[in-house]
Amino acid sequence: MIKKIAAAIVSVTLAGITWAQVDLNKATEIELDGLKGLGPAMTREVMREREKALFRDWPDVLKRVKGIGPKKAANLSDQGVRVKGQGYGQAPAYPPQKP
């Protein structure tokens with residue numbers, strides 16, 4: 001009985017970690033590596049781009065990080081990744097540029 005309770009507690013804890021929100025501008029390398037779809041090379045690319053300047057929003061991420069397109073951004077967002085608190089589907093559109 002104790003083993004079942006312990007297993008349940010561990011499962012719930014790990015599920016909470018999986019669905020925790022991670023801000024792309026603040027995430028550690030370990031947090032990024034733990035996401036499905038981000039390997040060490042892409043994690044390093046995110047970190048390099050972030051050192052240049054923080055990401056403004058999801059369109060900025062897609063523009064600056066090679067290998068992150070709409071599909072991967074949606075997948076990362078589903079895993080709890082945020083940019084300035086916004087999920088990928090919530091990303092504000094850039095205002096139209098004046099000619």
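**Exercise 1. What should the 13 residues of helix 3 (residues 40-52) span at 1.5 Å a residue, and how far apart are its end C-alpha atoms?**

Before starting, note that this is a predicted model, in which local features need pLDDT of at least 70 and side-chain atom pairs count only at pLDDT 80 or more, while totals for chains, interfaces and linings use all residues. Residues are numbered from 1 along each chain as its sequence is written, and side-chain values use heavy atoms, with hydrogens and water left out.

Solution.
- Step 1. Helices (H or I, at least four residues) and strands (E, at least two) are DSSP runs, numbered from the N terminus.
- Step 2. The expected span is 1.5 Å times one less than the number of residues. For the 13 residues of helix 3, this gives 18 Å.
- Step 3. The end C-alpha atoms of helix 3 are 19 Å apart, which agrees with the expected span.

**Exercise 2. List the buried residues of helix 3 and find what they pack against.**

Solution.
- Step 1. Buried means under 20% relative accessible area, exposed over 50%, and partly exposed in between (1.4 Å probe, protein chains only).
- Step 2. In helix 3 the buried residues are Met42, Thr43, Glu45, Val46, Met47, Glu49 and Arg50.
- Step 3. Contact means heavy atoms within 4.5 Å. The buried residues of helix 3 pack against helix 2 (29-33), helix 4 (58-64) and helix 5 (70-78).

**Exercise 3. Trace the salt bridges of Glu45, Glu49 and Asp60.**

Solution.
- Step 1. A salt bridge is a side-chain nitrogen of Lys or Arg within 4 Å of a carboxyl oxygen of Asp or Glu. The whole structure holds four salt bridges.
- Step 2. Glu45 pairs with Arg48, with the closest N and O atoms 3.0 Å apart. Both lie in helix 3, three residues apart, about one turn of the helix. Arg48 is partly exposed, at 44% relative accessible area.
- Step 3. Glu49 pairs with Arg64, with the closest N and O atoms 3.1 Å apart. Glu49 lies in helix 3 and Arg64 in helix 4, so this pair ties together parts that are 15 residues apart in sequence. Glu49 is buried at 10% relative accessibility, and Arg64 is buried at 19%.
- Step 4. Asp60 also pairs with Arg64, and here the closest N and O atoms are 2.9 Å apart. Asp60 and Arg64 both lie in helix 4, four residues apart, about one turn of the helix. Asp60 counts as buried at 3% relative accessibility.
- Step 5. Salt bridges link Glu49, Lys52, Asp60 and Arg64 in a network.

**Exercise 4. Describe the largest nonpolar core and the surroundings of Leu24.**

Solution.
- Step 1. A nonpolar core is a set of buried Ala, Val, Leu, Ile, Met, Phe, Trp, Tyr and Cys residues joined through side-chain atoms within 4.5 Å.
- Step 2. The largest such core has 18 residues, and those with the most contacts inside it are Leu24, Leu32, Val61 and Ile68.
- Step 3. Helix 3, helix 4 and helix 5 each supply at least two residues of this core. Helix 3 gives the largest share, three residues.
- Step 4. Leaving aside neighbours within four places in sequence, Leu24 is in contact with residues including Leu32, Val46, Phe55 and Val61.

**Exercise 5. Where is Lys84, and is Lys84 buried or exposed?**

Solution.
- Step 1. Lys84 is in the segment after strand 2 (81-82).
- Step 2. Lys84 is exposed, with a relative accessible area of 53%.
- Step 3. Phi of Lys84 is near 50°, a positive value in a residue other than glycine.
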